[in-house]
Amino acid sequence: MAARPTWQGHLKLSLVTCPVALYTATSSASHVSFHLINPDTNNRIRMVPTDPDTGPVERSDLVKGYEVSKDEYVLFDDADFDKVKLESTRTIDINQFVDEDDIDRLYWDDPFYVVPEKGVGAEAFAVIRDAMKAAGKIAIGCLVLRNRERQIALEVRGKGLVAWSLRPHDEVRDAGDFFDDIPAVKADKDMVEIATRIIGQKESDFDPSKFTDRYDDALKEMIKAKQKGGKGLVEAPEPDDTNVVDLMAALRASLKGSAGGKAAPAKKAAAKKTPAKKPAAKRKAA
């Protein structure tokens, strides 16, 4: 396996333990990224930490600051972070099992492949995996990853497991803060019927290989053109907003010409009718 593990330790279910490694399941390597270049010299720009009063400073001399009010910071050095650094037990201890539907999808975060180390641990891994599959449950555990304690959800996938880091409760915003102000509108029955038929005609299998980033593709085409000394730009126009008065016409046009598409009788569209943290000692930034 070419990829380097993100984490190595043990997976534990009661008295059954096996050595495992976690590998990041996703990659952003194909995304286009840029560096800042001085067009006069074609040199890549280096970001130098600079104090507005004294000028450039060494990065190793800097400390971190948390802004508690405008221009006032609580300062932290390496010794401060060492005091709260979590000791990694190097163990994913499974402490409960839940149904997949019990986990709100807003909490699912980054996925990792869980792979057993070669040797005697492979059999213990298979026991845990097959028991989870037979139970049809998602395992919940925790581990220390990059100095942070993370809750994770483990699910069976093929011969391995996928560990999803779960967002903390206080990181998920309440949907009511955004949805409560949506006006209560009674949808037109005929429009809903047509829209339902359109959905049925567009039903298909999930195929992520068809997902593309048109902006990223346009950048790649432009890069190719510039490499060849030419110029190129791929446009990705945005669709027009639907006019409420023409909503029925838009639905009928979407349905028109499709197999077995028979429009409903015309009908005039109706008019629009989280625990506080202990504060650290404060020091004014110089």
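This note goes through the main sheet, its hairpin, two buried strand residues and three helices of a predicted model.

1. **The sheet.** Eight strands make up an open sheet. Their order is 9-1-2-11-14-13-12-10, and the pairing is mixed. The edges are strand 9 (91-93) and strand 10 (96-98), each of which pairs on one side only. From one strand to the next, the twist averages 40 degrees.

2. **Strands 1 and 2.** Strand 1 covers residues 7-13 and strand 2 covers residues 16-24. They pair in the antiparallel sense, over seven bridges. Two of the pairs can be used to check the register. Gln8 has Ala21 of strand 2 as its bridge partner. Lys12 stands opposite Thr17, also in strand 2.

3. **The hairpin turn.** Strand 1 and strand 2 form a hairpin, with two residues between them. Ser14 sits in the loop that joins these strands. Its phi is positive, about 60 degrees, although Ser14 is not a glycine. Is Ser14 buried or exposed? Its relative accessibility is 55%, so Ser14 counts as exposed.

4. **A second positive phi outside glycine.** Asn42 deserves a look alongside Ser14. Asn42 lies in the loop between strand 3 (37-38) and strand 4 (43-44). Its phi is near 65 degrees, a positive value in a residue other than glycine. Asn42 is exposed, with a relative accessible area of 61%.

5. **Strand 2 to strand 11.** Strand 2 also pairs with strand 11, again in the antiparallel sense. Five bridges hold this pairing. Leu22 stands opposite Val114 of strand 11. Tyr23 stands opposite Tyr113, in strand 11 as well.

6. **Strand 11 to strand 14.** These two strands run antiparallel and are joined by five bridges. Phe112 belongs to strand 11, and its bridge partner in strand 14 is Ala163. The C-alpha atoms of Phe112 and Ala163 are separated by 5.1 Å. Along the chain, the two residues are 51 residues apart.

7. **Surroundings of Phe112.** How accessible is Phe112? At 6% relative accessibility, Phe112 counts as buried. Leaving out residues up to four places away in sequence, Phe112 touches Thr6, Leu22, Tyr23, Thr24 and Ala25, among others. Its contacts also include Leu145, Leu161, Val162, Ala163 and Ser165. Leu22 and Tyr23, both on that list, are residues already met in the pairing of strand 2 with strand 11.

8. **Glu155, a buried acidic side chain.** Glu155 lies in strand 13. The cut-off for buried is under 20% relative accessible area. At 13% relative accessibility, Glu155 therefore counts as buried. What does the side chain of Glu155 contact through polar atoms? It makes a polar contact with the side chain of Trp164, at 2.9 Å. Trp164 also appears among the residues that Glu155 touches, together with Met132, Ile138, Gly160, Leu161 and Val162. That list does not count residues up to four places away in sequence.

9. **Helix 2 across the sheet.** Helix 2 (residues 121-135) lies across strand 1, strand 2, strand 10, strand 11 (108-116), strand 12 (138-145), strand 13 (148-157) and strand 14 (160-166). It runs at about 85 degrees to strand 2.

10. **Helix 5.** Does the length of helix 5 agree with expectation, and what span should its residues cover? Helix 5 has 14 residues, 214-227, and at 1.5 Å a residue these should span 20 Å. The end C-alpha atoms are 20 Å apart, which agrees. Asp216, Ala218, Leu219 and Ala225 are buried in this helix. Just after helix 5, Gly229 takes a positive phi of about 85 degrees.

11. **Helix 6.** In helix 6 (residues 247-255), Met248, Leu251 and Leu255 are buried. Viewed down the helix axis, the buried residues fall within an arc of 65 degrees, so they line one face of helix 6. Which helix helps to cover them? Helix 4 (189-201) is included in what covers the buried residues of helix 6.

Note on methods:
Residues are numbered from 1 along each chain as its sequence is written. This is a predicted model: local features need pLDDT of at least 70, side-chain atom pairs count only at pLDDT 80 or more; totals for chains, interfaces and linings use all residues. Side-chain values use heavy atoms; hydrogens and water are left out. Helices (H or I, at least four residues) and strands (E, at least two) are DSSP runs, numbered from the N terminus. The expected span of a helix is 1.5 Å times one less than its number of residues. Buried means under 20% relative accessible area, exposed over 50%, partly exposed in between (1.4 Å probe, protein chains only). The arc is that of the directions from the helix axis to the C-beta atoms. Contact means heavy atoms within 4.5 Å. Two strands pair if DSSP finds at least two bridges between them. Axes are lines fitted to C-alpha atoms, for helices over the stretch in contact, and angles run from 0 to 180 degrees between N-to-C directions. A polar contact is a pair of N or O atoms within 3.5 Å; within protein, one must be able to donate a hydrogen and the other to accept it, and residues adjacent in sequence count only if both atoms are side-chain atoms.
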